[in-house]
Amino acid sequence: MWANPLQLFQIPDNISSSSVGVKILLHILKGYLSLCRARLVESDPPQASKGKEHEENKALYITLQNSAIVQLLLDLTSRPKAQDSSSTAIESNHCYENSALIYNFLHDFFINNDGLSKLVCWQTFKLDQIEGVVNGVPSLHVACKFTTNMLQQASLQKQLFAVCLLSHLAVQYPIQQTLQACNEMLQWAISQTSQLSLCGLCCL
């Protein structure tokens, strides 16, 4: 288990939908992540045989593992709710509590793992998760520094994600930095519209 903490997410829905179950999951996850890092250090070759490639591979392994954990935790915040109307209010309350627990964990996780929030955003996640993440994870405010860079990607999915992410960041953090990012995004949108117009004229 220590070598692959992701196995922790192979749990029944009735556990992951319980606030007590989520608390236990996050507590165990913290322990296994610490153990995983400790074992990686113990398994290091002697200092003399260590190379730059070895350290880079180890860092890459940890980073990819962390990003996978974030994606799986985000999926827990958007699991389908029960359809029974008699339990709708209870289920909704549990969902809110569970999301708050996960967002608090992610806030600390991003702070303690430099660059992880940027990687997760560049990988993108579900659009309907953006609002909750922006509102619940204060450390994600740094995303306004690189959302405009995502617009330069050829992927329409990344462009759409960047627009949605920045729109929620602008509402949550109405500061100079997000205002500047929004201005840059508007300039990008205008340039895209101009290019489409020129393409249309060329096709006439």
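Where is Thr124 found? I looked this up before anything else, and Thr124 turned out to sit in the loop between α5 and α6.

**Ground rules.** I noted that this is a predicted model, in which local features need pLDDT of at least 70 and side-chain atom pairs count only at pLDDT 80 or more, while totals for chains, interfaces and linings use all residues. Residues are numbered from 1 along each chain as its sequence is written, and side-chain values use heavy atoms, with hydrogens and water left out.

**Overall make-up.** I counted nine helices and zero strands in the protein, taking helices (H or I, at least four residues) and strands (E, at least two) as DSSP runs numbered from the N terminus. Read from the N terminus on, the elements run α-α-α-α-α-α-α-α-α. Of the 204 residues, 33% are buried, where buried means under 20% relative accessible area, exposed means over 50%, and partly exposed lies in between (1.4 Å probe, protein chains only). I then looked at contacts, meaning heavy atoms within 4.5 Å, and found that among those between residues at least 6 apart in sequence, 74% join residues at least 24 apart.

**The largest nonpolar core.** A nonpolar core is a set of buried Ala, Val, Leu, Ile, Met, Phe, Trp, Tyr and Cys residues joined through side-chain atoms within 4.5 Å. The largest one here has 40 residues, of which Leu73, Leu106, Leu140 and Leu165 touch the most other members. I listed the helices that each supply at least two residues of this core, among them α2 (19-42), α3 (52-77), α4 (88-112) and α9 (176-203). With six residues, α4 gives the most to this core. Leaving out residues up to four places away in sequence, I found Leu106 touching Val70, Leu73, Leu74, Val137 and Ser139. As a general point, nonpolar side chains tend to be buried together in soluble globular proteins.

**Helix α8.** I compared the length of α8 with expectation, the expected span of a helix being 1.5 Å times one less than its number of residues. The 17 residues of α8 should span 24 Å, and its end C-alpha atoms are 24 Å apart, which agrees. Which residues of α8 are buried? I found Gln159, Phe161, Ala162, Leu165, Leu166 and Leu169. These fall within an arc of 160° seen down the axis, so they line one face of the helix; the arc is that of the directions from the helix axis to the C-beta atoms. On the other side of α8, Leu156, Gln157 and Val171 are exposed. At the N-terminal end, Ser155 caps α8, with a side-chain oxygen 3.3 Å from the backbone nitrogen of Gln157.

**Helix α5 and Thr124.** In α5, I found Leu116, Ser117, Val120 and Cys121 buried. They cover an arc of only 135° around the axis, which puts them on the same side of α5. Just after α5 comes Thr124, which takes a positive phi of about 70°, and I noted that this is a positive value in a residue other than glycine. Is Thr124 buried or exposed? Thr124 is buried, with a relative accessible area of 9%. Not counting residues up to four places away in sequence, Thr124 touches Gln71, Met150, Gln157, Lys158 and Phe161.

**Thr147 and Ala181.** I found Thr147 in helix α7 (residues 147-150), buried with a relative accessible area of 0%. Leaving aside neighbours within four places in sequence, Thr147 is in contact with Ala162, Leu165, Leu166 and Leu169. Ala181 has its place in helix α9 and counts as buried at 3% relative accessibility. Not counting residues up to four places away in sequence, Ala181 touches Cys144, Thr148 and Leu166. I also noted that Ala181 and Ser167 are 14 residues apart in sequence and 10.0 Å apart in space, C-alpha to C-alpha.

**Cysteines.** How many disulfides are there? Taking a disulfide as a pair of cysteine sulfur atoms within 2.5 Å, I arrived at zero. Cys182 is in no disulfide, and the nearest cysteine sulfur, that of Cys144, is 9.0 Å away. Cys182 is partly exposed, with a relative accessible area of 22%, whereas Cys121 is buried, at 1%.

How values were computed. A polar contact is a pair of N or O atoms within 3.5 Å; within protein, one must be able to donate a hydrogen and the other to accept it, and residues adjacent in sequence count only if both atoms are side-chain atoms.
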